[in-house]
Amino acid sequence: MATVKVKFAKHVTTLVQYVMDGREPDDPVDAQDCEAQHAAQDFQAIAQFHKGHGAVSALHVIQSWNKEESQTVSAADFNEIGRKLAEEHFPGHAFLVVTHTNTGNVHNHIVVNPWHTATGKKVENKKHHLYGLREKSDALCKAHGLSVIDEAAKERQGRVPEKVQKIARYNGKSWLLDMYQKADFARAYSTSHDE
């Protein structure tokens, strides 16, 4: 089943270097409106042309699959899924899709220029991009015969309070929650400000 993460990168040069250097020599690379080896410079040129500025210089989408499914489809097909995802969700934006097969799990690194190539409009930093990407990724995975995350599990996770999710994430050993509990205890039994 595919998982999708979105990160907002400040340094596009470092990100592109990491993505290109971390791949195997025969891993597929695809690009739109930029050259794969010079993607960082192309992204910066588009931003300068449209007088774009801001803290976010690239969107880093990570699309990964589990070990069992990584062996069922070729790396080129995974790269094609990543390309279609970027084309559908970010039309008109320059992007770079690099598939990594160096770990047990095949995964795509999709680096997207936040500025539209023609209009210069910038992608906003919103959570709805993540949900839209997940829906489109699920549809593309189903079309290629890959599994997706169960909707019932997504709904159950959404209903769990944030504090409970943090406890579960750290197996009941969250230092932050432990500190909250100790501070509450100290406040309850102190009789002066110094205590």
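This passage walks through a strand, a pair of helices and the cysteines of one structure. The model is predicted, so to speak of local features a pLDDT of at least 70 is needed, side-chain atom pairs count only at pLDDT 80 or more, and totals for chains, interfaces and linings use all residues. Residues are numbered from 1 along each chain as its sequence is written, and side-chain values use heavy atoms, leaving out hydrogens and water.

A good place to start is strand β5, residues 107–116 (strands are DSSP runs of E with at least two residues, and helices are runs of H or I with at least four, numbered from the N terminus). Ten of its ten residues are buried, so β5 is largely enclosed by the rest of the structure; buried means under 20% relative accessible area, exposed over 50% and partly exposed in between, with a 1.4 Å probe and protein chains only. Strands pair if DSSP finds at least two bridges between them. Strand β3 (residues 58–64) runs antiparallel to β5 and is joined to it by six bridges, with Gln63 partnering Asn108. Strand β4 (residues 93–100) is also antiparallel to β5, through seven bridges, and His93 stands opposite His116. Six residues lie between β4 and β5 in their hairpin.

Turning to the helices, the axes of α4 (residues 75–89) and α5 (residues 128–143) come within 10 Å and cross at roughly 135°; axes are lines fitted to C-alpha atoms, for helices over the stretch in contact, with angles from 0 to 180 degrees between N-to-C directions. Residues in contact (heavy atoms within 4.5 Å) include Ile81 and Leu85 in α4, and Leu133 and Leu140 in α5.

Finally, Cys34 is buried at 14% relative accessible area, and Cys141 is buried at 0%.
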